[in-house]
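This report is written for a reader meeting the structure for the first time. Please look over the sequence and the structure shown here before reading on.

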There are 2 protein chains.
Amino acid sequence: MEPRVHIITLGTPDLAAARRFYVEGLGWEPTMEVPGEIVFLRVGHGLLLGLWDADALERDIDPGAPPGRAAGPAAVTLAHNVGSDAAVAEVLAQAEAAGGTVLKQAQLGDVGFVHGYFADPVGFRWEVAHNPGLVFRADGSVSFVEAE
Amino acid sequence: MEPRVHIITLGTPDLAAARRFYVEGLGWEPTMEVPGEIVFLRVGHGLLLGLWDADALERDIDPGAPPGRAAGPAAVTLAHNVGSDAAVAEVLAQAEAAGGTVLKQAQLGDVGFVHGYFADPVGFRWEVAHNPGLVFRADGSVSFVEAE
């Protein structure tokens with residue numbers, strides 16, 4: 001697993017309030033957004049900040065998660081992108097071998113690409129994903145592209 | 001405030017366990033570390049991941065924080081670096097104007113540089129710092145340098 005964070009996701013109980021702060025308040029330009037669902041902002045060279053409903057984030061990790069299980073500062077994940085579906089499972093296995101806990105095995109997610117989740121020993125959660133629709137370029141720019 | 005995250009800090013109740021996972025388990029090379037206190041790993045173009053004792057992190061925000069107030073996934077901050085001491089206060093004021101809450105006004109911290117903290121509307125905390133000893137270069141590399 002390369003030392004790389006691609007996305008910092010903040011799970012919020014009030015997406016509209018989060019959007020108001022970052023987009024309208026601070027003036028940051030969304031890289032991509034689905035109104036009412038998720039907002040992505042570029043926050044560095046090849047780095048995105050995602051604002052997402054906290055319950056939706058919890059359900060993406062565990063479909064059985066009860067509403068309100070994680071809200072506010074506790075609902076944080078770091079995302080690590082890889083280049084193939086096979087690499088998702090490989091990285092999850094490597095994380096487990098290193099002392100982590102796999103929370104969601106590599107699988108085709110509702111969002112249309114293969115991903116999984118693991119937790120490090122103190123509980124911080126990482127998504128490992130192969131998302132051909134999300135391109136990180138050498139110059140640091142990041143784009144969401146349409147699937148062919 | 002520019003849309004930029006420079007450091008992702010994970011507050012952990014067990015720094016040794018966190019270090020074992022990232023450094024020994026995953027094989028990530030520390031960019032800088034103070035044994036037993038803090039570990040910095042480069043996790044992207046101009047992006048660091050910091051592993052820090054959760055109670056120390058809480059006390060850096062609020063010296064009166066009781067031990068154990070935040071542990072595990074809840075203890076997360078994002079850091080934003082600026083180019084002057086004055087800019088720290090300016091960014092804190094801008095964040096407050098945008099709907100955030102200043103948790104620690106701009107001040108000379110124990111670590112030897114001016115910083116402050118604010119929380120966004122859902123409670124996610126950002127450190128704003130002017131740290132001349134931490135250099136982010138155009139090529140994406142990051143270095144800690146000695147003060148002159």
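Is A:F118 buried or exposed? In this predicted model, A:F118 is buried, since its relative accessible area is 1%, and burial here requires a value under 20%.

## Aromatic pairs

A:F118 does not stand alone, for A:F118 and A:W126 form an aromatic pair that is stacked, with 6.2 Å from centre to centre and 5° between the planes. A:W126 is likewise buried, with a relative accessible area of 0%. In chain B, the rings of B:F118 and B:W126 have centres 6.2 Å apart and planes at 0°, so this pair is stacked as well; both B:F118 and B:W126 are buried.

Counted over all chains, the structure holds six aromatic pairs. Ring pairs also join residues of both chains, linking A:F118 and A:W126 with B:Y22 and B:W28 into a cluster.

## The chain A fold

Chain A has three helices and ten strands, and, read from the N terminus, its elements follow the order β-α-β-β-β-α-β-α-β-β-β-β-β. Of the 148 residues in chain A, 53% are buried, while its accessible surface amounts to about 6,400 Å², with 51% of that surface belonging to carbon and sulfur atoms.

The contacts of chain A can also be sorted by separation along the sequence: among those between residues at least 6 apart, 50% join residues that are at least 24 apart.

## Helix α3 of chain A

Helix α3 of chain A covers residues 85-97, which is 13 residues, and it spans 19 Å from its first C-alpha to its last, close to the 18 Å expected at 1.5 Å a residue. Its buried residues are A:A87, A:V88, A:V91, A:L92 and A:A95. Viewed down the axis of α3(A), these buried residues fall within an arc of 140°, so they line one face of the helix. On the other side of α3(A), A:E90 and A:A97 are exposed.

What do the buried residues of α3(A) pack against? Within chain A they pack against β6 (101-108), β7 (114-119) and β8 (125-130), and from chain B they are met by α1 (15-25). Just after α3(A), A:G99 takes a positive phi of about 115°.

Terms used
Residues numbered from 1 in each chain as written. Chains lettered and ligands numbered in written order. Predicted model: local features only at pLDDT ≥ 70, side-chain atom pairs only at ≥ 80, totals over all residues. Heavy atoms only, no water. Helix = DSSP H or I, 4+ residues; strand = E, 2+ residues; numbered from the N terminus. Expected span 1.5 Å × (residues − 1). Buried < 20%, exposed > 50% of the residue type's maximum accessible area, 1.4 Å probe, protein only. Arc of directions from axis to C-beta. Contact = heavy atoms within 4.5 Å. Areas by Shrake-Rupley, 256 points an atom, 1.4 Å probe, with all protein chains shown as cover. Phe/Tyr/Trp six-rings, centres within 6.5 Å; stacked < 30°, edge-to-face > 60°.
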